[in-house]
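Colleague: Could you take me through this model slowly, saying what each term means as it comes up?

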Amino acid sequence: MSYVLGIDLGTSSLKGLLVNKKGEVVATASSDYPLIHEKPGYSEQQPQDWMTACEQVLGQLKEEVADFTQELEGISFSGQMHSLVVLNDTHEVLRPAILWNDVRTTKQCERIMSEFGEEVLAITKNIALEGFTLPKVLWIQEEEPGIWAKVRHMMLPKDYLGYCLTGNIHMDYSDAAGTLMLDIEAQKWSTSILSKFNIPTDYLPQLIDAAGQIGTLLPTIQEKFGFEKEVKVFAGGADNACAALGAGILDQETGMASIGTSGVFLSYEGPNNKGYQGKLHLFNHVIPNAHYSMGVTLAAGHSLNWFKDTFASNESFESLLSDIDKIAPGSDGLLFTPYIVGERTPHADSQIRGSFIGLDTTHSLKHLAKAILEGITFSLKDSQQLMEVESNRKFERIVSVGGGAKNKDWLQMQADIFNAEIIGLETEQGPGMGAAMLAAIGLGWFDDALACAEQFVKYKGSTKPIVENVEKYQQYYELYQQVYPATKTLSHALQALK
Ligand SMILES: Nc1ncnc2c1ncn2[C@@H]1O[C@H](COP(=O)(O)OP(=O)(O)O)[C@@H](O)[C@H]1O
Ligand SMILES: O=C(CO)[C@@H](O)[C@H](O)COP(=O)(O)O
(Lines give C-alpha, C1' and ligand atoms only; values in the text may rest on other atoms or scores of the structure.)
(Ligands and ions follow the chains in the order given, each with its own letter.)
Protein backbone atom coordinates (compact mmCIF):
# COMPACT_ATOMS: atom_id res chain seq x y z
CA MET A 1 0.00 0.00 0.00
CA SER A 2 1.20 3.56 -0.73
CA TYR A 3 2.89 5.54 2.04
CA VAL A 4 3.32 9.14 3.10
CA LEU A 5 6.09 10.28 5.42
CA GLY A 6 5.53 13.02 8.01
CA ILE A 7 8.81 14.53 9.17
CA ASP A 8 8.67 16.39 12.49
CA LEU A 9 11.73 18.63 12.75
CA GLY A 10 11.62 19.13 16.54
CA THR A 11 13.97 20.95 18.89
CA SER A 12 15.60 17.83 20.27
CA SER A 13 15.23 15.40 17.38
CA LEU A 14 13.88 14.75 13.92
CA LYS A 15 11.13 12.15 13.87
CA GLY A 16 9.72 10.33 10.87
CA LEU A 17 6.20 8.89 10.90
CA LEU A 18 5.42 6.55 8.02
CA VAL A 19 1.68 6.26 7.42
CA ASN A 20 -0.36 4.22 4.92
CA LYS A 21 -3.55 5.22 3.07
CA LYS A 22 -5.72 3.99 5.94
CA GLY A 23 -3.95 6.38 8.30
CA GLU A 24 -2.16 3.53 10.11
CA VAL A 25 1.34 4.19 11.43
CA VAL A 26 3.59 1.67 9.66
CA ALA A 27 6.87 2.68 11.30
CA THR A 28 8.60 5.47 13.17
CA ALA A 29 12.24 6.49 13.31
CA SER A 30 14.11 9.32 14.96
CA SER A 31 17.51 10.90 15.18
CA ASP A 32 18.72 13.42 17.79
CA TYR A 33 20.81 16.53 17.34
CA PRO A 34 22.40 18.90 19.82
CA LEU A 35 21.42 22.38 20.95
CA ILE A 36 24.27 24.88 21.08
CA HIS A 37 24.22 27.35 24.00
CA GLU A 38 27.23 29.56 23.30
CA LYS A 39 26.17 32.12 25.93
CA PRO A 40 23.39 32.25 28.54
CA GLY A 41 20.10 32.86 26.72
CA TYR A 42 21.52 31.76 23.36
CA SER A 43 20.09 28.67 21.66
CA GLU A 44 21.28 27.60 18.24
CA GLN A 45 21.42 24.57 15.95
CA GLN A 46 23.41 23.73 12.84
CA PRO A 47 20.92 23.47 9.94
CA GLN A 48 23.12 20.80 8.35
CA ASP A 49 22.44 18.58 11.41
CA TRP A 50 18.75 18.48 10.47
CA MET A 51 19.58 17.12 7.01
CA THR A 52 21.97 14.54 8.51
CA ALA A 53 19.19 13.45 10.90
CA CYS A 54 16.72 13.31 8.01
CA GLU A 55 19.01 11.02 6.04
CA GLN A 56 19.45 8.81 9.11
CA VAL A 57 15.68 8.57 9.51
CA LEU A 58 15.23 7.67 5.83
CA GLY A 59 17.95 5.03 6.25
CA GLN A 60 16.30 3.56 9.38
CA LEU A 61 12.92 3.34 7.62
CA LYS A 62 14.52 1.69 4.61
CA GLU A 63 16.00 -0.97 6.89
CA GLU A 64 12.81 -1.52 8.87
CA VAL A 65 10.09 -1.44 6.23
CA ALA A 66 10.53 -3.87 3.35
CA ASP A 67 8.50 -1.89 0.80
CA PHE A 68 9.42 1.64 2.01
CA THR A 69 11.38 2.54 -1.11
CA GLN A 70 8.74 1.06 -3.45
CA GLU A 71 5.68 2.62 -1.84
CA LEU A 72 6.71 6.09 -0.61
CA GLU A 73 4.74 8.69 -2.59
CA GLY A 74 4.91 11.89 -0.60
CA ILE A 75 6.78 13.70 2.18
CA SER A 76 5.78 16.73 4.23
CA PHE A 77 7.03 18.50 7.33
CA SER A 78 6.13 19.82 10.71
CA GLY A 79 8.78 22.25 11.87
CA GLN A 80 9.89 23.99 15.06
CA MET A 81 8.58 27.52 14.58
CA HIS A 82 10.27 30.94 14.34
CA SER A 83 13.91 29.72 14.19
CA LEU A 84 15.93 31.77 11.68
CA VAL A 85 18.10 30.18 8.98
CA VAL A 86 20.14 32.54 6.75
CA LEU A 87 21.78 31.64 3.43
CA ASN A 88 24.03 33.58 1.04
CA ASP A 89 23.53 34.04 -2.71
CA THR A 90 24.90 30.55 -3.43
CA HIS A 91 22.59 29.00 -0.81
CA GLU A 92 25.29 28.35 1.79
CA VAL A 93 24.36 28.52 5.47
CA LEU A 94 25.90 31.72 6.89
CA ARG A 95 25.66 31.03 10.64
CA PRO A 96 23.94 28.56 12.99
CA ALA A 97 20.16 28.91 13.12
CA ILE A 98 18.95 31.14 15.97
CA LEU A 99 16.17 29.13 17.60
CA TRP A 100 12.70 29.93 18.93
CA ASN A 101 13.90 29.44 22.53
CA ASP A 102 16.81 31.89 22.19
CA VAL A 103 16.15 35.03 24.23
CA ARG A 104 19.00 37.32 23.14
CA THR A 105 16.68 39.77 21.35
CA THR A 106 14.98 41.70 24.18
CA LYS A 107 16.47 45.00 22.91
CA GLN A 108 15.24 44.33 19.35
CA CYS A 109 11.74 43.49 20.64
CA GLU A 110 11.65 46.79 22.54
CA ARG A 111 12.75 48.61 19.39
CA ILE A 112 10.04 46.94 17.25
CA MET A 113 7.33 47.75 19.80
CA SER A 114 8.44 51.35 20.39
CA GLU A 115 9.02 52.22 16.70
CA PHE A 116 6.21 50.21 15.06
CA GLY A 117 4.33 48.33 17.79
CA GLU A 118 0.77 49.32 16.91
CA GLU A 119 1.27 48.53 13.23
CA VAL A 120 2.94 45.18 13.98
CA LEU A 121 0.06 44.16 16.25
CA ALA A 122 -2.56 45.25 13.70
CA ILE A 123 -0.85 43.47 10.78
CA THR A 124 0.44 40.30 12.44
CA LYS A 125 -2.04 40.08 15.39
CA ASN A 126 0.96 39.43 17.64
CA ILE A 127 3.44 41.49 19.62
CA ALA A 128 7.22 41.20 19.32
CA LEU A 129 8.61 38.47 21.57
CA GLU A 130 12.18 37.20 21.79
CA GLY A 131 11.28 33.88 20.21
CA PHE A 132 9.85 35.30 16.99
CA THR A 133 11.87 35.66 13.78
CA LEU A 134 11.76 39.40 13.07
CA PRO A 135 13.72 40.34 16.24
CA LYS A 136 16.34 37.74 15.26
CA VAL A 137 16.72 39.39 11.85
CA LEU A 138 17.22 42.78 13.53
CA TRP A 139 19.78 41.23 15.90
CA ILE A 140 21.84 40.01 12.93
CA GLN A 141 21.53 43.44 11.26
CA GLU A 142 22.73 45.19 14.42
CA GLU A 143 25.24 42.72 15.89
CA GLU A 144 26.60 40.88 12.84
CA PRO A 145 26.60 43.43 9.99
CA GLY A 146 29.21 41.35 8.12
CA ILE A 147 26.83 38.38 8.03
CA TRP A 148 23.83 40.58 7.21
CA ALA A 149 25.68 41.98 4.19
CA LYS A 150 25.91 38.43 2.79
CA VAL A 151 22.32 37.33 3.59
CA ARG A 152 20.17 36.71 0.49
CA HIS A 153 17.69 34.11 1.74
CA MET A 154 15.90 33.75 5.08
CA MET A 155 13.73 30.80 6.02
CA LEU A 156 12.54 28.55 8.85
CA PRO A 157 13.93 25.09 9.71
CA LYS A 158 11.50 22.89 7.78
CA ASP A 159 11.88 25.15 4.72
CA TYR A 160 15.64 24.62 4.82
CA LEU A 161 15.07 20.87 4.96
CA GLY A 162 12.59 21.16 2.08
CA TYR A 163 15.29 23.04 0.16
CA CYS A 164 17.89 20.31 0.86
CA LEU A 165 15.47 17.65 -0.39
CA THR A 166 14.12 19.45 -3.48
CA GLY A 167 16.40 22.39 -4.32
CA ASN A 168 13.41 24.79 -3.97
CA ILE A 169 12.74 27.35 -1.24
CA HIS A 170 9.15 28.00 -0.12
CA MET A 171 7.37 28.81 3.14
CA ASP A 172 3.77 27.99 4.07
CA TYR A 173 1.41 30.51 5.72
CA SER A 174 1.29 28.84 9.16
CA ASP A 175 5.06 29.10 9.63
CA ALA A 176 5.23 32.53 7.93
CA ALA A 177 2.70 33.80 10.53
CA GLY A 178 5.26 33.10 13.28
CA THR A 179 7.92 35.32 11.70
CA LEU A 180 6.12 38.59 12.60
CA MET A 181 6.56 39.65 8.98
CA LEU A 182 3.32 38.25 7.54
CA ASP A 183 0.09 40.20 7.11
CA ILE A 184 -1.97 37.33 8.47
CA GLU A 185 -5.31 38.45 7.00
CA ALA A 186 -4.03 39.31 3.50
CA GLN A 187 -1.68 36.27 3.57
CA LYS A 188 1.18 38.32 2.09
CA TRP A 189 4.56 39.42 3.38
CA SER A 190 3.93 42.81 4.99
CA THR A 191 5.72 45.37 2.84
CA SER A 192 5.29 48.02 5.54
CA ILE A 193 7.00 45.90 8.22
CA LEU A 194 9.75 44.84 5.81
CA SER A 195 10.47 48.35 4.55
CA LYS A 196 10.35 49.80 8.08
CA PHE A 197 13.11 47.40 9.13
CA ASN A 198 15.12 47.46 5.87
CA ILE A 199 14.47 43.85 4.88
CA PRO A 200 14.34 43.23 1.11
CA THR A 201 11.16 41.27 0.31
CA ASP A 202 13.06 38.97 -2.04
CA TYR A 203 15.09 37.59 0.88
CA LEU A 204 11.89 35.86 1.99
CA PRO A 205 10.55 32.69 0.37
CA GLN A 206 7.59 32.41 -1.95
CA LEU A 207 4.46 31.71 0.12
CA ILE A 208 2.46 28.53 -0.44
CA ASP A 209 -0.31 26.45 1.19
CA ALA A 210 0.92 23.88 3.70
CA ALA A 211 -0.36 21.06 1.45
CA GLY A 212 1.11 22.71 -1.66
CA GLN A 213 3.81 20.87 -3.57
CA ILE A 214 7.28 22.45 -3.43
CA GLY A 215 8.95 19.90 -5.70
CA THR A 216 10.10 16.31 -5.94
CA LEU A 217 13.07 14.65 -4.29
CA LEU A 218 16.39 15.67 -5.86
CA PRO A 219 17.74 12.88 -8.10
CA THR A 220 20.75 12.42 -5.77
CA ILE A 221 18.47 11.62 -2.83
CA GLN A 222 16.00 9.63 -4.92
CA GLU A 223 18.89 7.43 -6.10
CA LYS A 224 20.77 7.27 -2.78
CA PHE A 225 17.77 5.61 -1.10
CA GLY A 226 16.48 3.89 -4.24
CA PHE A 227 12.95 5.29 -4.17
CA GLU A 228 11.08 3.70 -7.07
CA LYS A 229 8.23 6.20 -7.51
CA GLU A 230 8.72 9.92 -8.00
CA VAL A 231 8.45 11.21 -4.41
CA LYS A 232 6.51 14.48 -4.17
CA VAL A 233 7.45 16.94 -1.43
CA PHE A 234 4.84 19.24 0.15
CA ALA A 235 5.52 22.48 2.06
CA GLY A 236 4.32 21.36 5.51
CA GLY A 237 3.55 23.67 8.41
CA ALA A 238 4.41 25.05 11.83
CA ASP A 239 4.70 22.22 14.36
CA ASN A 240 1.83 23.47 16.49
CA ALA A 241 -0.49 23.86 13.50
CA CYS A 242 0.48 20.37 12.32
CA ALA A 243 -0.06 18.99 15.83
CA ALA A 244 -3.54 20.55 15.77
CA LEU A 245 -4.31 18.93 12.41
CA GLY A 246 -2.87 15.59 13.56
CA ALA A 247 -5.03 15.82 16.68
CA GLY A 248 -8.15 16.70 14.69
CA ILE A 249 -8.48 20.20 16.19
CA LEU A 250 -10.83 21.45 13.50
CA ASP A 251 -13.50 23.18 15.60
CA GLN A 252 -13.63 25.60 18.54
CA GLU A 253 -14.98 23.25 21.21
CA THR A 254 -11.91 21.05 21.63
CA GLY A 255 -8.59 22.39 22.94
CA MET A 256 -5.13 20.88 22.55
CA ALA A 257 -2.36 20.62 25.13
CA SER A 258 1.03 19.81 23.65
CA ILE A 259 3.96 18.98 25.90
CA GLY A 260 7.19 18.77 23.95
CA THR A 261 10.35 20.76 24.70
CA SER A 262 7.98 23.71 24.89
CA GLY A 263 4.37 23.46 26.00
CA VAL A 264 1.42 24.81 24.10
CA PHE A 265 -2.26 25.27 24.83
CA LEU A 266 -4.03 25.70 21.49
CA SER A 267 -7.46 26.30 20.05
CA TYR A 268 -8.92 26.45 16.52
CA GLU A 269 -10.21 29.88 15.48
CA GLY A 270 -12.41 30.71 12.51
CA PRO A 271 -11.35 33.23 9.83
CA ASN A 272 -12.74 36.38 11.50
CA ASN A 273 -10.90 36.28 14.81
CA LYS A 274 -9.53 39.73 15.61
CA GLY A 275 -6.76 38.46 17.83
CA TYR A 276 -6.06 38.60 21.55
CA GLN A 277 -4.16 41.95 21.59
CA GLY A 278 -0.92 40.02 21.92
CA LYS A 279 -1.94 38.23 25.15
CA LEU A 280 -2.05 34.97 23.15
CA HIS A 281 -0.60 34.23 19.72
CA LEU A 282 -2.91 34.12 16.72
CA PHE A 283 -1.50 32.37 13.63
CA ASN A 284 -2.69 31.01 10.28
CA HIS A 285 -3.61 27.32 10.40
CA VAL A 286 -2.39 24.69 7.93
CA ILE A 287 -6.02 24.57 6.77
CA PRO A 288 -6.84 27.31 4.24
CA ASN A 289 -8.61 30.40 5.70
CA ALA A 290 -8.52 29.14 9.29
CA HIS A 291 -6.49 30.39 12.25
CA TYR A 292 -5.55 29.08 15.67
CA SER A 293 -4.65 30.75 18.93
CA MET A 294 -2.15 29.49 21.44
CA GLY A 295 -0.19 30.27 24.59
CA VAL A 296 3.34 28.96 25.11
CA THR A 297 5.25 27.64 28.11
CA LEU A 298 8.86 27.97 27.01
CA ALA A 299 10.30 25.17 29.14
CA ALA A 300 7.70 22.40 29.49
CA GLY A 301 9.38 19.04 28.74
CA HIS A 302 12.61 21.04 28.89
CA SER A 303 12.06 21.62 32.65
CA LEU A 304 11.59 17.88 33.18
CA ASN A 305 14.66 17.11 31.05
CA TRP A 306 16.74 19.60 33.01
CA PHE A 307 15.63 18.00 36.29
CA LYS A 308 16.27 14.45 35.09
CA ASP A 309 19.68 15.29 33.57
CA THR A 310 20.77 17.18 36.69
CA PHE A 311 19.43 15.01 39.51
CA ALA A 312 18.52 11.62 38.07
CA SER A 313 20.62 11.19 34.94
CA ASN A 314 20.69 7.39 35.17
CA GLU A 315 16.93 7.04 35.39
CA SER A 316 14.44 6.72 32.55
CA PHE A 317 11.35 8.94 32.48
CA GLU A 318 9.35 5.86 33.44
CA SER A 319 11.37 5.12 36.59
CA LEU A 320 11.69 8.78 37.60
CA LEU A 321 7.93 9.24 37.35
CA SER A 322 6.85 5.84 38.72
CA ASP A 323 4.59 6.06 41.78
CA ILE A 324 4.05 9.83 41.56
CA ASP A 325 0.34 9.01 41.72
CA LYS A 326 0.95 7.95 45.35
CA ILE A 327 1.82 11.55 46.23
CA ALA A 328 -1.21 13.80 46.86
CA PRO A 329 -2.11 16.57 44.39
CA GLY A 330 0.05 19.58 45.21
CA SER A 331 3.10 17.41 46.01
CA ASP A 332 2.54 17.86 49.75
CA GLY A 333 2.84 21.63 49.66
CA LEU A 334 5.45 22.08 46.94
CA LEU A 335 5.07 24.42 43.95
CA PHE A 336 7.35 24.70 40.91
CA THR A 337 7.29 27.46 38.30
CA PRO A 338 8.79 26.31 34.96
CA TYR A 339 10.42 29.65 34.13
CA ILE A 340 13.93 28.20 33.84
CA VAL A 341 14.61 29.93 30.51
CA GLY A 342 12.22 32.87 30.99
CA GLU A 343 8.56 32.71 29.98
CA ARG A 344 6.18 33.60 27.15
CA THR A 345 2.49 33.20 28.15
CA PRO A 346 1.02 34.82 30.19
CA HIS A 347 4.20 36.53 31.44
CA ALA A 348 6.30 37.60 28.45
CA ASP A 349 9.47 37.95 30.50
CA SER A 350 12.91 36.73 29.43
CA GLN A 351 14.42 37.58 32.86
CA ILE A 352 12.07 35.58 35.09
CA ARG A 353 13.49 32.30 36.42
CA GLY A 354 12.01 29.15 37.92
CA SER A 355 11.49 28.37 41.57
CA PHE A 356 10.47 25.66 44.00
CA ILE A 357 8.29 27.17 46.75
CA GLY A 358 7.52 25.34 49.98
CA LEU A 359 10.46 22.91 49.93
CA ASP A 360 10.93 21.03 53.21
CA THR A 361 12.69 17.95 54.58
CA THR A 362 9.75 15.64 53.85
CA HIS A 363 10.11 16.19 50.12
CA SER A 364 11.80 13.44 48.10
CA LEU A 365 13.11 13.41 44.52
CA LYS A 366 9.67 12.13 43.44
CA HIS A 367 7.95 15.10 45.11
CA LEU A 368 10.16 17.43 43.12
CA ALA A 369 9.47 15.50 39.90
CA LYS A 370 5.71 15.60 40.52
CA ALA A 371 5.84 19.31 41.38
CA ILE A 372 7.60 19.90 38.04
CA LEU A 373 4.81 18.15 36.11
CA GLU A 374 2.24 20.14 38.08
CA GLY A 375 4.04 23.44 37.50
CA ILE A 376 4.24 22.80 33.73
CA THR A 377 0.52 21.97 33.69
CA PHE A 378 -0.39 25.04 35.79
CA SER A 379 1.53 27.15 33.30
CA LEU A 380 -0.53 25.68 30.42
CA LYS A 381 -3.67 26.31 32.49
CA ASP A 382 -2.72 30.00 32.49
CA SER A 383 -3.13 29.94 28.68
CA GLN A 384 -6.31 27.84 28.82
CA GLN A 385 -7.85 30.30 31.28
CA LEU A 386 -6.86 33.34 29.19
CA MET A 387 -8.45 31.75 26.13
CA GLU A 388 -11.64 30.78 27.96
CA VAL A 389 -12.06 34.23 29.52
CA GLU A 390 -11.13 36.27 26.41
CA SER A 391 -13.37 34.29 24.05
CA ASN A 392 -16.07 33.34 26.52
CA ARG A 393 -16.04 29.55 26.19
CA LYS A 394 -15.15 26.44 28.16
CA PHE A 395 -13.14 23.55 26.76
CA GLU A 396 -14.90 20.34 27.75
CA ARG A 397 -12.43 18.14 25.81
CA ILE A 398 -8.72 18.58 25.38
CA VAL A 399 -6.52 16.41 23.18
CA SER A 400 -3.11 15.82 24.75
CA VAL A 401 -0.11 15.37 22.45
CA GLY A 402 3.70 15.34 22.60
CA GLY A 403 6.17 13.45 24.78
CA GLY A 404 4.27 14.49 27.93
CA ALA A 405 1.23 12.47 26.82
CA LYS A 406 3.23 9.24 27.23
CA ASN A 407 2.73 9.22 31.01
CA LYS A 408 -0.72 8.17 32.31
CA ASP A 409 -0.34 9.98 35.63
CA TRP A 410 0.46 13.19 33.78
CA LEU A 411 -2.72 12.68 31.71
CA GLN A 412 -4.77 12.38 34.93
CA MET A 413 -3.05 15.49 36.26
CA GLN A 414 -3.97 17.35 33.06
CA ALA A 415 -7.62 16.26 33.44
CA ASP A 416 -7.64 17.43 37.07
CA ILE A 417 -5.84 20.74 36.50
CA PHE A 418 -7.62 21.69 33.24
CA ASN A 419 -10.91 20.30 34.66
CA ALA A 420 -11.72 18.74 31.29
CA GLU A 421 -11.79 15.31 29.67
CA ILE A 422 -8.37 14.48 28.24
CA ILE A 423 -8.32 12.53 25.00
CA GLY A 424 -5.23 10.69 23.83
CA LEU A 425 -4.10 9.80 20.33
CA GLU A 426 -3.01 6.36 19.13
CA THR A 427 0.31 7.99 18.30
CA GLU A 428 1.46 10.76 20.62
CA GLN A 429 3.29 12.17 17.57
CA GLY A 430 0.59 14.68 16.64
CA PRO A 431 2.93 16.96 14.66
CA GLY A 432 4.32 14.09 12.57
CA MET A 433 0.79 12.84 11.89
CA GLY A 434 -0.27 16.35 10.83
CA ALA A 435 2.70 16.47 8.44
CA ALA A 436 1.80 13.05 7.00
CA MET A 437 -1.78 14.29 6.54
CA LEU A 438 -0.54 17.34 4.60
CA ALA A 439 1.31 15.00 2.22
CA ALA A 440 -1.83 12.83 1.87
CA ILE A 441 -3.99 15.89 1.14
CA GLY A 442 -1.36 17.27 -1.27
CA LEU A 443 -1.24 13.96 -3.14
CA GLY A 444 -5.02 14.18 -3.62
CA TRP A 445 -5.77 11.12 -1.48
CA PHE A 446 -8.44 13.27 0.23
CA ASP A 447 -10.49 16.27 -0.85
CA ASP A 448 -9.75 18.28 2.28
CA ALA A 449 -8.46 18.23 5.84
CA LEU A 450 -11.78 17.09 7.32
CA ALA A 451 -11.97 14.04 5.07
CA CYS A 452 -8.35 13.21 5.83
CA ALA A 453 -8.87 13.65 9.60
CA GLU A 454 -11.79 11.21 9.53
CA GLN A 455 -9.47 8.55 8.17
CA PHE A 456 -6.15 9.47 9.86
CA VAL A 457 -6.92 10.83 13.34
CA LYS A 458 -7.36 7.94 15.74
CA TYR A 459 -8.19 8.73 19.36
CA LYS A 460 -7.23 6.41 22.18
CA GLY A 461 -8.35 6.60 25.75
CA SER A 462 -10.14 9.21 27.74
CA THR A 463 -9.16 10.51 31.16
CA LYS A 464 -11.87 12.23 33.19
CA PRO A 465 -11.25 14.74 36.00
CA ILE A 466 -11.55 13.48 39.59
CA VAL A 467 -13.69 16.00 41.51
CA GLU A 468 -11.61 16.06 44.75
CA ASN A 469 -8.41 16.53 42.76
CA VAL A 470 -9.95 19.36 40.71
CA GLU A 471 -10.81 21.21 43.93
CA LYS A 472 -7.41 20.63 45.49
CA TYR A 473 -5.60 21.70 42.34
CA GLN A 474 -7.73 24.86 42.08
CA GLN A 475 -6.42 25.87 45.53
CA TYR A 476 -2.82 25.14 44.55
CA TYR A 477 -3.29 26.95 41.22
CA GLU A 478 -4.41 30.11 43.02
CA LEU A 479 -1.16 30.02 44.99
CA TYR A 480 0.86 29.17 41.85
CA GLN A 481 -0.50 32.34 40.19
CA GLN A 482 0.98 34.40 43.02
CA VAL A 483 4.52 33.09 42.49
CA TYR A 484 5.27 35.11 39.33
CA PRO A 485 4.54 38.56 40.83
CA ALA A 486 6.24 37.52 44.08
CA THR A 487 9.47 36.36 42.41
CA LYS A 488 9.71 38.78 39.47
CA THR A 489 11.81 41.49 41.14
CA LEU A 490 14.05 38.90 42.83
CA SER A 491 14.56 37.02 39.55
CA HIS A 492 15.43 40.17 37.64
CA ALA A 493 17.88 41.28 40.33
CA LEU A 494 19.55 37.85 40.34
CA GLN A 495 19.93 37.99 36.55
CA ALA A 496 21.59 41.39 36.88
CA LEU A 497 24.00 40.07 39.55
CA LYS A 498 25.13 37.05 37.54
N1 LIG B 1 7.86 8.73 29.09
C2 LIG B 1 7.74 10.04 29.28
N3 LIG B 1 7.01 10.54 30.30
C4 LIG B 1 6.87 11.86 30.49
N5 LIG B 1 7.45 12.80 29.71
C6 LIG B 1 8.19 12.38 28.69
C7 LIG B 1 8.38 10.99 28.40
N8 LIG B 1 9.17 10.89 27.31
C9 LIG B 1 9.45 12.17 26.93
N10 LIG B 1 8.87 13.06 27.76
C11 LIG B 1 8.93 14.54 27.68
O12 LIG B 1 8.56 14.89 26.35
C13 LIG B 1 9.52 15.80 25.78
C14 LIG B 1 9.76 15.45 24.32
O15 LIG B 1 8.57 15.60 23.64
P16 LIG B 1 8.55 15.75 22.04
O17 LIG B 1 7.12 15.97 21.71
O18 LIG B 1 9.24 14.57 21.47
O19 LIG B 1 9.44 17.07 21.90
P20 LIG B 1 10.11 17.95 20.72
O21 LIG B 1 9.18 17.83 19.53
O22 LIG B 1 10.17 19.31 21.31
O23 LIG B 1 11.48 17.41 20.44
C24 LIG B 1 10.78 15.66 26.60
O25 LIG B 1 11.29 16.97 26.79
C26 LIG B 1 10.34 15.01 27.92
O27 LIG B 1 10.36 15.96 28.95
O1 LIG C 1 8.02 28.62 19.80
C2 LIG C 1 7.18 27.75 19.71
C3 LIG C 1 5.80 28.11 19.34
O4 LIG C 1 5.57 29.49 19.28
C5 LIG C 1 7.52 26.31 19.95
O6 LIG C 1 6.39 25.53 20.15
C7 LIG C 1 8.34 25.76 18.80
O8 LIG C 1 7.48 25.65 17.68
C9 LIG C 1 9.07 24.47 19.13
O10 LIG C 1 8.30 23.42 19.53
P11 LIG C 1 8.77 22.00 20.14
O12 LIG C 1 10.08 21.61 19.53
O13 LIG C 1 8.80 22.14 21.61
O14 LIG C 1 7.67 21.05 19.73
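Modeller: Burial comes first: a residue is called buried if 20 or more other C-beta atoms lie within 10 Å of its own, exposed if 12 or fewer, and partly exposed in between, with C-beta atoms placed from the backbone. This is a predicted model, in which local features need pLDDT of at least 70 and side-chain atom pairs count only at pLDDT 80 or more, while totals for chains, interfaces and linings use all residues. Residues are numbered from 1 along each chain as its sequence is written, and chains are lettered from A and ligands numbered from 1 in the order in which they are written.

Colleague: What percentage of the residues of the protein count as buried?

Modeller: The protein has 498 residues and a radius of gyration, taken over C-alpha atoms, of 22 Å. The globule rule, 2.2 Å times the number of residues to the power 0.38, gives a value near 23 Å for a compact globule, so the two agree. Of the 498 residues, the share that counts as buried is 53%.

Colleague: How many helices and strands are there in the protein?

Modeller: Both are DSSP runs numbered from the N terminus, helices being H or I over at least four residues and strands being E over at least two. By that rule, the protein has 17 helices and 24 strands.

Colleague: Which strand joins β5 by seven bridges?

Modeller: Strands are said to pair if DSSP finds at least two bridges between them. β5 covers residues 72–79, and seven of its eight residues are buried. It pairs in the parallel sense with β14 (residues 232–234) over two bridges, where I75 stands opposite V233, and likewise over two bridges with β15 (residues 237–238), where G79 has A238 as its bridge partner. The parallel partner with seven bridges, in which V4 is matched with G74 of β5, is β1.

Colleague: Which residues does UniProt list for "binding site"?

Modeller: UniProt positions are given in the numbering used here, with feature names shortened, and annotations may be inferred rather than shown by experiment. The entry in question is unreviewed, and the residues listed there are M81 and H82.

Colleague: Is M81 buried or exposed, and why?

Modeller: M81 is found in the loop between β5 and β6 (85–87). Contact means that two C-beta atoms, placed from the backbone, lie within 7 Å, and, not counting residues up to four places away in sequence, M81 touches W100, L156, D175, G178, A238, D239 and N240. Because 28 other C-beta atoms lie within 10 Å, M81 is buried.

Colleague: How many other C-beta atoms lie within 10 Å of H82?

Modeller: H82 is found in the loop between β5 and β6. Leaving aside neighbours within four places in sequence, H82 is in contact with W100, G131, F132, T133, G178 and T179. H82 is buried because the number of other C-beta atoms within 10 Å is 25.

Colleague: Which element gives the largest share of the shell around ligand 1?

Modeller: A residue is near a molecule if its C-beta atom, placed from the backbone, lies within 6 Å of it. Ligand 1 is surrounded by 19 residues, the closest being G10, G260, T261, G301 and G403. The elements giving two or more residues to this shell are α11 (301–311) and α12 (317–321). The largest share, four residues, comes from α11.

Colleague: Which residues come nearest to ligand 2?

Modeller: Around ligand 2 there are 15 residues. Those that come nearest are T11, M81, G260, T261 and S262.
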